[in-house]
Amino acid sequence: TAAVRLAVGLDLAATSLAFSAVAEWWLGYPEKARMLCIQAVNGARERGDVYGQVFAYAVGASVLFFLRSEEATQDEWAEQCRRLCLQHGFSMWPAYGDVFQGQVTVARGGPDAASGIERMRSAIAGWRAVGMVVGTGSLVVVLADSCLAIAARDHANGDGSPAAEEA
């Protein structure tokens, strides 16, 4: 409501829906989680709440679509997060977009995998540079998962490539 937004300085609807989406995922309801993410972004857009959109794209959507292994949607929503941040001056959330886009680069394989790792590392450093501590662990887990994916792929291919050694 408008009164709550005035009291706390932001619209809690998108934030609540995004966190609820992640919770629903962990409770075993992936489709409900997906719908809550979409509702968070669409509702924030309808209310003109740009920060709510960014938050929903970053926390709800990017994390959820990573967990669901929906690379195309993850990439699209991470890019929306980054674009809105750059347009509206939200300095901390572009890191989420970069980490999740870097993860998509790694997941797709190929010679660009190392650039995906570097993008994630740089984004995490940027996240911490703006004073963020909360959320760092989640981003590092995505980076670690991506490093392991490269190493597993390279091992399966009998490849001692520099990407695996860097990871």
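How many residues does helix H3 have, and what does it reach from its first C-alpha to its last? Select residues 30-47 to see: H3 has 18 residues and reaches 26 Å, close to the 26 Å expected at 1.5 Å a residue. Please keep in mind along the way that this is a predicted model.

**The whole chain**

Zoom out for a moment and colour by secondary structure. The protein chain has nine helices and zero strands, and reading along the sequence gives the pattern α-α-α-α-α-α-α-α-α. Of its 167 residues, 44% count as buried.

**Along helix H3**

Now go back to H3 and show the side chains of its buried residues: Ala-33, Leu-36, Cys-37, Ala-40, Val-41, Gly-43 and Ala-44. Turn the view until you look down the axis of H3; these buried residues fall within an arc of 165°, so they line one face of the helix. The spacing has a familiar background: an α-helix has 3.6 residues a turn, so residues three or four places apart point the same way.

Step just past the end of H3 and pick Gly-48, which takes a positive phi of about 75°.

**Two contacts across the sequence**

Keep Ala-44 of H3 selected and add Ala-13, which is found in helix H2. The two are 31 residues apart in sequence and 7.7 Å apart in space, C-alpha to C-alpha. Ala-13 is partly exposed, with a relative accessible area of 31%.

Next, select Asp-11, in the loop between helix H1 (2-8) and H2. Is Asp-11 buried or exposed? At 8% relative accessibility, Asp-11 counts as buried, the cut-off being under 20%. Draw a distance from Asp-11 to Arg-47: their C-alpha atoms are 9.1 Å apart in space, with their places 36 residues apart in sequence.

**The aromatic rings**

Show all Phe, Tyr and Trp side chains. A search of the whole structure finds ten aromatic pairs. Start with Phe-55 and Trp-93: their ring centres are 5.4 Å apart and their planes stand at 85°, so the pair is edge-to-face. This pair links distant parts of the chain, since Phe-55 sits in helix H4 (residues 50-67) and Trp-93 in the loop between helix H5 (71-88) and helix H6 (94-107), 38 residues apart. Both Phe-55 and Trp-93 are buried.

From Trp-93, move on to Tyr-96. These two rings have their centres 5.3 Å apart and their planes at 65°, so this pair is edge-to-face too. Trp-93 has 5% relative accessibility, and Tyr-96 has 6%; both values count as buried.

Now widen the selection to Phe-19, Phe-55, Phe-66, Trp-93, Tyr-96, Phe-100 and Trp-127, which ring pairs link into a cluster.

**Helix H6**

Tyr-96 and Phe-100 are among the buried residues of H6, so this helix is the next stop. H6 has 14 residues and reaches 20 Å from its first C-alpha to its last, close to the 20 Å expected at 1.5 Å a residue. Switch on a surface for the rest of the chain: twelve of the 14 residues of H6 are buried, so it is largely enclosed by the rest of the structure. The buried set also includes Pro-94, Asp-98, Gln-101 and Gln-103. Just after H6, Gly-109 takes a positive phi of about 75°.

**The largest pocket**

Which residues lie nearest the centre of the largest pocket? Select Val-59, Val-63, Tyr-96, Gly-135 and Ser-138, which hold that place among the 18 lining residues. About 330 Å³ of space lies in this pocket.

Colour the helices one by one and you will find that H2 (12-26), H4, H6 and helix H8 (136-156) each supply at least two residues of the lining. H4 gives the most, with five residues. Colouring the lining by class shows 16 nonpolar, two polar and no charged residues.

**Last stop: Ser-69**

Finally, follow the chain to the loop between H4 and H5, where Ser-69 is placed. Its phi is near 60°, a positive value in a residue other than glycine. For context, most residues other than glycine have a negative phi. Ser-69 is exposed, with a relative accessible area of 60%.

Notes. Residues numbered from 1 in each chain as written. Predicted model: local features only at pLDDT ≥ 70, side-chain atom pairs only at ≥ 80, totals over all residues. Heavy atoms only, no water. Helix = DSSP H or I, 4+ residues; strand = E, 2+ residues; numbered from the N terminus. Expected span 1.5 Å × (residues − 1). Buried < 20%, exposed > 50% of the residue type's maximum accessible area, 1.4 Å probe, protein only. Arc of directions from axis to C-beta. Phe/Tyr/Trp six-rings, centres within 6.5 Å; stacked < 30°, edge-to-face > 60°. 1 Å grid on protein atoms, 1.4 Å probe; cavity = no way out; pocket = protein on both sides within 12 Å on 5 of 7 lines; lining within 4 Å. Points joined across faces, edges and corners; volume = space filled by probe spheres on them. Nonpolar A, V, L, I, M, F, W, Y, C, P; charged D, E, K, R; others polar.
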